[in-house]
Amino acid sequence: MTTSPSASTSRRSLLAAALAAPVAAVAVPLATATPAAAEVVDGCQTVVDWTTITPAAGITPDAAAPLQARVIRLAGTEFLQLRGTLTCNLTADATLGTLPATIVPPKLTRGVVPRNNSQGINAIRVEANTARALKVYGPQTSNPVTWIQLDSFSSVLR
């Protein structure tokens, strides 16, 4: 059985359509950055391409998975996405690094990402604020954080 391209719908296309309805209802422009000259693929456009995050003191990015941030637009909504792995020895809330100058969140945005599993805790809250600081909340002296992976961070900017 042969399926024509018009009869096939990808999950990405369905997600884009689902997100487009609420955005259309609000009718407020959410973009603040000039879109990069990038191709729109299934409704997704890169606004700011992957750019290096400057790590804070005591934060060591993995050479094979450097700390990076980007902004994408999907169905009119902009998302901050992070990727990379870092090693650390955090025993209190801390700053992980600074977002590039091309990415300034208009409000506090947060997400949950994986960390070393200790005492049954394997996720931690990461926030990006309007000063471009990337912070982590939750490490304790009784349960230190030794690594964090940012690849699952994707948060609405507006």
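**Strands and hairpins: a short walk-through**

Q68 stands opposite R83 in β5. I start there since that pair belongs to the part I want to describe. Please keep in mind that this is a predicted model.

The strand to look at is β4, residues 68-74. Seven bridges join β4 to strand β5, residues 77-83, and the two run antiparallel. They form a hairpin with two residues between them. In that turn, A75 has a positive phi of about 55°.

β4 also has strand β1, residues 44-52, as a partner. That pairing is antiparallel too, over six bridges. One place to find it is Q45, whose bridge partner in β4 is R73.

Now, is β4 enclosed or open? Seven of its seven residues are buried, so the strand is largely enclosed by the rest of the structure. In a regular strand, the side chains alternate between the two faces of the sheet. For β4, Q68, R70, I72 and L74 point one way, while A69, V71 and R73 point the other way. Residues on both sides are buried.

Next, the second region. Strand β8 covers residues 109-118, and seven bridges join β8 to strand β9, residues 121-128, again running antiparallel. As an example of who faces whom, R110 stands opposite E127 in β9. β8 and β9 form a hairpin with two residues between them, and Q119 in the turn has a positive phi of about 55°.

β9 then goes on to pair with strand β10, residues 133-137, in the antiparallel sense over four bridges. Here A128 stands opposite L134 in β10. This hairpin has four residues between its strands, and R132 in the turn has a positive phi of about 75°.

Last, a single residue: T109, which lies in β8. Why does T109 count as buried? Its relative accessible area is 2%, and buried means under 20%, so T109 falls within that class. What does T109 touch, leaving aside its neighbours within four places in sequence? Its contacts include V126, E127 and A128, and β9 is the strand that spans residues 121-128. L80 is also in contact with T109, and the range of β5 is residues 77-83. The other contacts of T109 are F153, S155, V156 and L157.

To recap, β4 pairs with β1 and with β5, and β9 pairs with β8 and with β10. T109 in β8 has L80 among its contacts. That is where I stop.

Key. Residues numbered from 1 in each chain as written. Predicted model: local features only at pLDDT ≥ 70, side-chain atom pairs only at ≥ 80, totals over all residues. Heavy atoms only, no water. Buried < 20%, exposed > 50% of the residue type's maximum accessible area, 1.4 Å probe, protein only. Contact = heavy atoms within 4.5 Å. Pairing = 2+ DSSP bridges.
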